[in-house]
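Got the viewer open and a hand on the mouse? Let's take a walk through this one together, a stop at a time.

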Amino acid sequence: VEYLGHSDLSDNHKLVYGADWEKESITSAQQYRHNRGAFVEYQSEPTTNLFVTAGLRYDDNDDFGTHTTYRLSSAYIWTIADDEFKLRGAYGTGFRAPSLYEIEYNRGPWAYAPASETDLKQEQTSGYEVALEYSIEQGSRFEIVYFDQEIDDSIYFDLAGFSGYLQDAGKSFSKGVELIADIKLSHALSFNANYTYNETQDTAGQQRRRRPRNIANLAV
């Protein structure tokens, strides 16, 4: 169940706010959990073409307690002839409780040590990104993004021994650059491409599982 509302404080200042309630259950295991959340976001254009947002979220989870997370972002847009440049940045924090499925899998008949002996706890993240975007009047768009993220107690599935869900206790990192191109060749034909260089590190100093250092996509 969700509620979402917004109020105009003035022409250039707005509030977005809401609340949500979620119940997650596994009936065969007689397990259930409630998560209650509330959030508010302030949106502003303090000067022409400069946009700023600040958001705050509060979660109350039956199994993992209360958590407060936030996000700050800004963007500045300027035009050259009919084209547009956008410089944007954001910093935020996050919280994710292990799902009931992950917990029950580790308790079930298909799991064994070390997963069956792992008491999963919540993941928490913090990170920022900075990006420059160039949009052409005819519809094409190019973007370069730098990102840097820190993850506490990352949850992952054991693809080496298939024992179940494990937790990389401690801090893991991901940082890198993403290049994006959406090129409109004609009314009926477009070309899309992106490339990401993602340098990661788990608590043992190795590349994080299922996080390729290089990944690219092409589409026509």
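Start by selecting Gln 30, which you'll find in the loop between β2 (13-26) and β3 (31-47). Keep in mind that you are looking at a predicted model. What is the sign of phi at Gln 30? Phi of Gln 30 is positive, near 55°, and Gln 30 is a residue other than glycine. That's worth a pause, because most residues other than glycine have a negative phi. Now turn on a surface: is Gln 30 buried or exposed? Gln 30 counts as exposed because its relative accessibility is 71%, and the cut-off for that label is over 50%.

Next, select Asn 49, in the loop between β3 and β4 (50-61). Here is another positive phi in a residue other than glycine, this time near 75°. Asn 49 has a relative accessible area of 31%, so the label here is partly exposed.

One more backbone stop: jump to Pro 114, in the loop between α1 (100-107) and β7 (123-135). Show the peptide bond that leads from Ala 113 to Pro 114: this bond is cis, with omega near 10°. Most peptide bonds are trans.

Now zoom out and switch to a cartoon view. How many strands form the open sheet? Eleven of them do, in an order that runs β1-β2-β3-β4-β5-β6-β7-β8-β9-β10-β11, with antiparallel pairing. Colour β1 (2-10) and β11 (214-219): these are the edge strands, and each pairs on one side only. Ignoring direction, neighbouring strands of this sheet are turned by 15° against each other on average.

Pick out β5 (residues 65-80) and β6 (residues 83-96) for a closer look. These two run antiparallel and are joined by ten bridges. Try one of the pairings: click Leu 72, then go to β6, where the bridge partner is Tyr 91.

Time for some charged side chains. Side chains of opposite charge can pair when their charged atoms come close. The count of salt bridges here comes to 17, and we'll visit some of them.

- Show Arg 33 and Glu 24 as sticks: they form a salt bridge, with the closest N and O atoms 3.4 Å apart. Arg 33 counts as buried because its relative accessibility is 3%, while Glu 24, at 27%, counts as partly exposed.
- Go on to Arg 96 and Glu 102, another salt bridge, with 3.4 Å between the closest N and O atoms. Arg 96 is partly exposed at 32% relative accessibility, whereas Glu 102 is buried, with a relative accessible area of 10%.
- Then select Asp 153 and Lys 121, whose closest N and O atoms are 3.7 Å apart in their salt bridge. This pair links distant parts of the chain: Asp 153 is in strand β8 (residues 141-157), Lys 121 is in the loop between α1 and β7, and they are 32 residues apart. Which of the labels, buried or exposed, fits Asp 153? Asp 153 counts as buried because its relative accessibility is 13%, and the cut-off is under 20%. Lys 121, with a relative accessible area of 41%, is partly exposed.

For the last stop, select Arg 88, Glu 129, Glu 133, Arg 141, Glu 143 and Asp 182 together. A network of salt bridges links these residues: Arg 88, Glu 129, Glu 133, Arg 141, Glu 143 and Asp 182.

Definitions and conventions. Residues numbered from 1 in each chain as written. Predicted model: local features only at pLDDT ≥ 70, side-chain atom pairs only at ≥ 80, totals over all residues. Heavy atoms only, no water. Pairing = 2+ DSSP bridges. Helix = DSSP H or I, 4+ residues; strand = E, 2+ residues; numbered from the N terminus. Axes fitted to C-alpha atoms, helices over the stretch in contact; angles between N-to-C directions. Buried < 20%, exposed > 50% of the residue type's maximum accessible area, 1.4 Å probe, protein only. Salt bridge = Lys/Arg side-chain N within 4 Å of Asp/Glu carboxyl O.
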